Amino acid sequence: MTNQKRIIASVIIKDDLAVQSFSYKKYLPLGKPEVVVENLNWWGADEIIIIDIDRTRQKKEPNYKIIDQIVKKNLSTPLMYSGGIRTKYDAKNVVNSGVERICVENIINENPKVINDISGVIGAQAIVLSIPIVVKKNNVYYYDYIKKKNIDIEKNKIKLIDRNSYSEILITDKENEGSKNLFNLDILKKINFKKNLILFGGITSKNKINHLLSKKNVSAISIGNSLNYSETSYQNLKKNLKKN
């Protein structure tokens with residue numbers, strides 16, 4: 001990926017519908033994923049990440065039906081997909097379906113060395129690691145959304161993954177995901193990931209976006225719910241960022 005700072009649009013999918021997500025607990029339907037993604041493409045998103053939260057939880061394969069419906073729109077915006085990717089074959093099939101990059105999460109704990117295998121098939125530039133973070137009592141935890149429990153970040157198996165096997169890390173502020181302007185800055189102070197970071201969760205303020213993007217190890221900001229409130233949300237946001 002380019003070193004240029006980016007704004008990524010996040011589309012959460014549940015029960016084959018695009019939804020608004022609130023702290024991994026509450027979901028409100030938006031409509032057909034392909035329509036939501038097409039709108040974001042028209043509005044000029046730098047990249048769109050499609051996150052199907054059912055596939056991994058239900059131990060299903062990637063949602064090729066949804067991917068196909070979106071790819072058929074012949075979008076100009078690069079696509080990233082997350083959900084149900086467990087093997088190098090899943091990863092290869094998703095990329096062959098027309099998605100530029102994949103985002104993997106739960107296999108970081110289950111079988112982290114698979115990511116090294118995936119990298120050998122599709123290349124490190126096509127891989128993003130997803131790490132939901134919880135800050136509790138001044139400690140940082142990895143949130144396992146399958147088991148719904150916090151794991152000490154130091155005990156997380158990410159250390160078993162070759163740093164050359166992925167390009168970026170998507171850091172989600174779990175507690176503030178879906179909220180407004182509340183991304184916990186302590187997360188950046190307490191974790192020491194040197195890879196380019198994509199930040200997600202409670203980031204809507206133009207000032208906060210500018211502040212976060214000014215950090216050397218932050219390559220992108222991902223925004224979900226707030227981009228769906230108004231047709232001009234994305235354009236207005238990008239205009240303001242360009243001025244700064």
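The paragraphs below go through a predicted model of a single chain, from its overall make-up to its helices, salt bridges and loops.

The chain contains nine helices and twelve strands. It has 244 residues, and 54% of them count as buried. Among contacts in the chain with a separation of 6 or more, 65% are between residues 24 or more positions apart.

A good place to begin is helix α1, residues 33-42. This helix is mostly covered, with seven of its ten residues buried. The buried residues of α1 are Pro 33, Glu 34, Val 36, Val 37, Glu 38, Leu 40 and Asn 41. Their cover includes the strands β1, β2 (17-22), β3 (26-31), β4 and β5, together with helix α3. Just after α1 comes Gly 44, which takes a positive phi of about 90°.

Helix α3 spans residues 64-71, and its residues Ile 66, Ile 67 and Ile 70 are buried. These three isoleucines cover an arc of only 100° around the axis, so they lie on the same side of α3. The spacing can be understood from helix geometry in general: an α-helix has 3.6 residues a turn, so residues three or four places apart point the same way. The buried residues of α3 pack against β1 (6-14), α1, β4 (47-52), β5 (79-82) and α4.

How do the axes of α1 and α3 cross? They come within 9 Å and cross at roughly 40°. That angle makes α1 oblique to α3. The crossing of the two helices is right-handed. On the α1 side the contact is made by Pro 33, Glu 34 and Val 37, and on the α3 side by Ile 66, Gln 69 and Ile 70. Of these, Pro 33, Glu 34 and Val 37 are among the buried residues of α1, while Ile 66 and Ile 70 are among those of α3.

Further along the chain, helix α8 (residues 206-213) also has buried residues, namely Lys 208, Ile 209, Leu 212 and Leu 213. They cover an arc of only 125° around the axis, which puts them on the same side of α8.

Helix α4 covers residues 88-96, and Asn 96 belongs to it. Asn 96 counts as exposed because its relative accessibility is 58%, and the cut-off for exposed is over 50%. Although Asn 96 and Ile 122 are 26 residues apart in sequence, their C-alpha atoms are 9.7 Å apart in space.

Charged side chains come next. A search of the whole structure finds nine salt bridges. One of them joins Arg 101 and Glu 168, whose closest N and O atoms are 2.9 Å apart. This pair links distant parts of the chain, since Arg 101 is in strand β6 (residues 101-104) and Glu 168 is in strand β10 (residues 168-173), 67 residues apart. Both Arg 101 and Glu 168 are buried.

A salt bridge between neighbours in sequence is formed by Glu 175 and Lys 174, with the closest N and O atoms 3.3 Å apart. Are these two residues buried or exposed? Lys 174 counts as buried, because its relative accessibility is 5%. Glu 175, with a relative accessible area of 41%, is partly exposed.

Another salt bridge lies within a helix. Lys 189 pairs with Asp 186, and the closest N and O atoms are 3.9 Å apart. Both residues are in helix α7 (residues 186-190), three residues apart, or about one turn of the helix. Lys 189 is exposed at 67% relative accessibility, whereas Asp 186 is partly exposed, with a relative accessible area of 30%. Elsewhere, salt bridges that share partners join Arg 6, Glu 47, Arg 101 and Glu 168 into one network.

Two loop residues remain to be described for their backbone angles. Most residues other than glycine have a negative phi. Asp 16, in the loop between β1 and β2, has a positive phi near 65° and is not a glycine. At 34% relative accessibility, Asp 16 counts as partly exposed. Asn 74, in the loop between α3 and β5, also is not a glycine and has a positive phi of about 55°. Asn 74 is exposed, with a relative accessible area of 69%.

Key:
Residues are numbered from 1 along each chain as its sequence is written. This is a predicted model: local features need pLDDT of at least 70, side-chain atom pairs count only at pLDDT 80 or more; totals for chains, interfaces and linings use all residues. Side-chain values use heavy atoms; hydrogens and water are left out. Helices (H or I, at least four residues) and strands (E, at least two) are DSSP runs, numbered from the N terminus. Buried means under 20% relative accessible area, exposed over 50%, partly exposed in between (1.4 Å probe, protein chains only). The arc is that of the directions from the helix axis to the C-beta atoms. Contact means heavy atoms within 4.5 Å. A salt bridge is a side-chain nitrogen of Lys or Arg within 4 Å of a carboxyl oxygen of Asp or Glu. Axes are lines fitted to C-alpha atoms, for helices over the stretch in contact, and angles run from 0 to 180 degrees between N-to-C directions. Angles under 35 degrees count as roughly parallel, over 145 as roughly antiparallel, 65 to 115 as roughly perpendicular and the rest as oblique. A crossing is left-handed if the near helix is turned anticlockwise from the far one by less than a right angle, and right-handed if clockwise.
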